[in-house]
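Reader: Hi! I'm new to reading protein structures. Could you walk me through this one?

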Amino acid sequence: FFPVPAFVREWLRLMNLLFDGEHTVGELVEASGLSLANVSKHLGLLHQVGWVTRKKDGVSVVYALADERTFGLCELMCNRVRELAAAVAELAQPAKK
């Protein structure tokens, strides 16, 4: 198992939240537990590379996954991270007698 850089975990966390549909920055801050500054920074980078879209809705900015390929990428990566986390958790369990 190799360590995943913090920014990758945060990108995956945000993309996983967007997997269920559009969210405002405020909703993503609340759901992710990340700071507003971090969420804004990460969403800006994810938008810049084309993985998320954004649109204005009054005073809010709403983000969504960009397209079907992004959904596939998110599903693949998020499932793999879950598998790795489960394997690590299993290894951390005390041995059964």
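**A chat about the fold**

Author: Happy to! Let's start with one pair in the sheet: H23 stands opposite Y63 in strand 3. Keep in mind that this is a predicted model.

Reader: Okay! How many bridges do strand 1 and strand 3 pair over?

Author: Two bridges, and the pairing of strand 1 and strand 3 is antiparallel.

Reader: And what order do the strands of the sheet have?

Author: The order is 1-3-2, in an open sheet of three strands with antiparallel pairing. Strand 1 (23-24) and strand 2 (52-57) are at the edges with a single partner strand each, so each has one side without a neighbour in the sheet.

Reader: Over how many bridges do strand 2 and strand 3 pair?

Author: Six bridges, again in the antiparallel sense. Two examples help when you look at the picture: K56 stands opposite V61, and K55 has V62 as its bridge partner in strand 3.

Reader: What links strand 2 and strand 3, then?

Author: They form a hairpin, with two residues between the strands. In the turn you'll find G58, which has a positive phi of about 70 degrees.

Reader: Let me go back to strand 1 for a second. Is T24 buried or exposed?

Author: Buried. T24, which sits in strand 1, has a relative accessibility of 19%, and the cut-off for buried is under 20%, so T24 counts as buried.

Reader: Which residues does T24 touch?

Author: Leaving out residues up to four places away in sequence, T24 touches S60, V61 and V62.

Reader: Can we zoom out? How many helices and strands are there in the protein?

Author: Four helices and three strands. Going along the sequence, the pattern is α-β-α-α-β-β-α. The C-alpha atoms fill a box of roughly 60 × 30 × 20 Å along the principal axes.

Reader: Where does helix 1 lie?

Author: Helix 1 lies across strand 1, strand 2 and strand 3, and runs at about 90 degrees to strand 3.

Reader: How about helix 2 and helix 3, at what angle do they pack?

Author: At about 115 degrees, with their axes 9 Å apart. The crossing of these two helices is right-handed.

Reader: Which residues meet there?

Author: From helix 2 there are V25, L28, V29 and S32, and they meet L36, V39, S40 and L43 of helix 3.

Reader: New topic: what does the largest nonpolar core look like, and how many residues has it?

Author: The largest nonpolar core has 16 residues, and L18, L28, V39, L43 and Y63 have the most contacts inside it. The elements giving two or more residues to this core are helix 1 (6-18), helix 2 (25-32), helix 3 (36-48), strand 3 (60-65) and helix 4 (68-92).

Reader: Which helix gives the most to this core?

Author: Helix 1, with five residues.

Reader: Y63 has come up twice now. What does Y63 touch?

Author: Not counting residues up to four places away in sequence, Y63 touches L18, G21, E22, H23, V25, L28, L43, V52, T53 and R54. L18, L28 and L43 are also listed with Y63 among the core residues with the most contacts.

Reader: Cool. How many aromatic pairs does the structure hold?

Author: One. The ring centres of W11 and W51 are 5.9 Å apart and the planes are at 85 degrees, so this pair is edge-to-face.

Reader: Where do W11 and W51 lie?

Author: W11 lies in helix 1, while W51 is in the loop between helix 3 and strand 2, so the pair ties together parts 40 residues apart in sequence.

Reader: Are they buried or exposed?

Author: W11 is buried, with a relative accessible area of 15%. W51, at 31% relative accessibility, counts as partly exposed.

Reader: Last one! What percentage of the residues count as buried?

Author: 24% of the 97 residues. For a contrast, look at A31 in helix 2: A31 is exposed, with a relative accessible area of 54%.

Terms used:
Residues are numbered from 1 along each chain as its sequence is written. This is a predicted model: local features need pLDDT of at least 70, side-chain atom pairs count only at pLDDT 80 or more; totals for chains, interfaces and linings use all residues. Side-chain values use heavy atoms; hydrogens and water are left out. A nonpolar core is a set of buried Ala, Val, Leu, Ile, Met, Phe, Trp, Tyr and Cys residues joined through side-chain atoms within 4.5 Å. Buried means under 20% relative accessible area, exposed over 50%, partly exposed in between (1.4 Å probe, protein chains only). Contact means heavy atoms within 4.5 Å. Two strands pair if DSSP finds at least two bridges between them. Axes are lines fitted to C-alpha atoms, for helices over the stretch in contact, and angles run from 0 to 180 degrees between N-to-C directions. Rings of Phe, Tyr and Trp (its six-membered ring) pair if their centres lie within 6.5 Å; planes under 30 degrees apart count as stacked, over 60 as edge-to-face and the rest as tilted. A crossing is left-handed if the near helix is turned anticlockwise from the far one by less than a right angle, and right-handed if clockwise.
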